[in-house]
Amino acid sequence: MEITKTTKHSITFTIEAHWSEEGGMGCDSFGSAVKTIEEAVELFDLACVSMPSQDWFIVGTVEKTVAKSK
C-alpha cells in the first residue's frame, strides 16, 4: 500500500498594532493582506510614517492544506 500526501502552505502578511485598553485589547490594521514579505515591509514602513505613535508589527498567517492522492 502506498499513501501520498501533499501539503500546501499559503502565507499572507498583515500590518497590525495591538494595545491594552479597559475591557480588553485594542487592535488596528494598516492596508490589506499581502502575499510577499517585500510588500509587507513596504506597508510596515508606510504605517510607521503615517501613524508613528503606534507599535506596528508584521503578522504572518499560515493556511495549511493537506491533500491525499487516491
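Patches, as I use the word, are made of residues with over 30% relative accessible area and no salt bridge, joining like charges within 9 Å and nonpolar side chains (Val, Leu, Ile, Met, Phe, Trp, Tyr) within 5 Å. A salt bridge puts a side-chain nitrogen of Lys or Arg within 4 Å of a carboxyl oxygen of Asp or Glu. Areas come from the Shrake-Rupley method with a 1.4 Å probe, and for residues only the protein chains shown count as cover.

This is a predicted model: local features need pLDDT of at least 70, side-chain atom pairs need 80 or more, and totals for chains, interfaces and linings use all residues. Numbering runs from 1 along each chain as its sequence is written, and side-chain values use heavy atoms, without hydrogens or water.

Now the patch. I37, V41 and I58 make a nonpolar one of about 210 Å². I58 sits in strand β3. Its relative accessible area is 34%, so I58 is partly exposed (buried is under 20%, exposed over 50%, partly exposed in between).

Next, the sheet. It is open, with three strands in the order β2-β1-β3 and antiparallel pairing. Strands are DSSP runs of E, at least two residues, numbered from the N terminus. Pairing takes at least two DSSP bridges. The edge strands, β2 (24-34) and β3 (56-68), each pair on one side only. Strand β1, residues 5-21, pairs with β3 over 13 bridges, antiparallel. There, T7 stands opposite V66 of β3.

Last, the cysteines. How many disulfides (cysteine sulfur pairs within 2.5 Å) are there? Zero. Why? The closest cysteine sulfur to that of C27 is in C48, 15 Å away, too far for a bond.

Terms used. Disulfide = S-S within 2.5 Å. Helix = DSSP H or I, 4+ residues; strand = E, 2+ residues; numbered from the N terminus. Buried < 20%, exposed > 50% of the residue type's maximum accessible area, 1.4 Å probe, protein only.
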